[in-house]
Amino acid sequence: MADPFASHSVDLASPGAYAAAVTPADSEITACRALWVGTAGDIKVTTVGGDVVTFIGFAGWLPLRVKQVWLSSTASNIVAVR
């Protein structure tokens, strides 16, 4: 089935077009527009702006542009949306 939205412009307010599972690691991932955290835990990230922050006991949508999910994160079932 063809994408009915293919002719629409894409920006950061648009829904994501790609998704991939994320394995926490101390190396960068392809920058994403949001993360889905399926199982609650602490999630330490580096934003595309370079800030390093830990969200404690987090689960759900993290609407933050992220380029790294740190190995020390205890949250799991993480999906990056681009």
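1. I would begin with Phe55, which at 25% relative accessibility counts as partly exposed, in this predicted model. Phe58, by contrast, is buried, because its relative accessible area is 19% and the limit for that class is under 20%. The rings of Phe55 and Phe58 belong together in the discussion, since the chain has two aromatic pairs, and one of them joins Phe55 to Phe58 in a tilted arrangement, with 5.9 Å from centre to centre and 55° between the planes.

2. The surroundings of Phe58 deserve a paragraph of their own. Phe58 has its place in strand E3, and, once neighbours within four places in sequence are left aside, Phe58 is in contact with Val37, Thr39, Ala40, Gly41, Ile43 and Ala75. For one of these partners, Thr39, which is 19 residues away along the chain, the C-alpha atoms of the two residues are separated by 8.1 Å.

3. Gly57, the residue to compare with Phe58, is also found in strand E3. Is Gly57 buried or exposed? Gly57 is exposed, because its relative accessible area is 53% and the class begins over 50%. Its contacts, with neighbours within four places in sequence left aside, are Ala40, Gly41 and Asp42. The C-alpha atoms of Gly57 and Gly41 are separated by 4.3 Å, although their positions lie 16 residues apart along the chain.

4. On the overall fold, the secondary structure of the chain comes to zero helices and five strands, so that the order of elements from the N terminus on reads β-β-β-β-β, each strand being a DSSP run. The C-alpha atoms fill a box of roughly 40 × 25 × 20 Å along the principal axes. Among contacts with a separation of 6 or more, 62% are between residues 24 or more positions apart. Of the 82 residues in the chain, 29% are buried.

5. The pairing of the strands can be followed from E2. E2 and E3 run antiparallel and are joined by eight bridges, with Leu35 standing opposite Leu62 in E3. The hairpin of E2 and E3 has four residues between the strands, and in it Gly50 takes a positive phi near 100°. E2 is also joined to E5, again in the antiparallel sense, by five bridges, and here Trp36 has Val79 of E5 as its bridge partner. E5 pairs with E1 as well, in the antiparallel sense and over four bridges. In that pairing the bridge partner of Ala21 is Val79, so Val79 of E5 is named as a bridge partner both of Ala21 and of Trp36, each bridge being one that DSSP finds.

6. Which residues of the largest nonpolar core touch the most other members? Of its 13 residues, these are Val22, Leu35, Ile43, Val45, Val66, Val69 and Ile78. At least two residues of this core come from each of E2, E3, strand E4 (66-69) and strand E5 (76-81), and the largest share, four residues, is supplied by E2. As general background, nonpolar side chains in soluble globular proteins tend to be buried together.

7. Val69 gives a closer view of that core. With its neighbours within four places in sequence left aside, Val69 is in contact with Val22, Pro24, Ala25, Leu35, Ile43, Lys44, Val45 and Ile78. Lys44, one of these contacts, also lies over the face of Trp70, at 4.3 Å from the ring centre.

8. Thr47 is found in strand E2, which spans residues 34-47. Why does Thr47 count as buried? Thr47 counts as buried because its relative accessibility is 9%, where the limit is under 20%. Not counting residues up to four places away in sequence, Thr47 touches Leu64, Arg65, Val66 and Lys67, and Val66 is among the core residues that touch the most other members.

9. A last point concerns confidence, since everything above rests on a predicted model. The mean pLDDT of the chain is 92, and 100% of its residues reach 70 or more. Confidence is highest in strand E3 (residues 52-62), at a mean of 98, and lowest in strand E1 (residues 19-22), at 94. Phe58 and Gly57, discussed above, both lie in strand E3.

Conventions:
Residues numbered from 1 in each chain as written. Predicted model: local features only at pLDDT ≥ 70, side-chain atom pairs only at ≥ 80, totals over all residues. Heavy atoms only, no water. Buried < 20%, exposed > 50% of the residue type's maximum accessible area, 1.4 Å probe, protein only. Contact = heavy atoms within 4.5 Å. pLDDT = per-residue confidence, 0-100. Phe/Tyr/Trp six-rings, centres within 6.5 Å; stacked < 30°, edge-to-face > 60°. Lys NZ or Arg CZ within 6 Å of the ring centre and 35° of its normal. Core = buried A, V, L, I, M, F, W, Y, C linked by side-chain atoms within 4.5 Å. Pairing = 2+ DSSP bridges.
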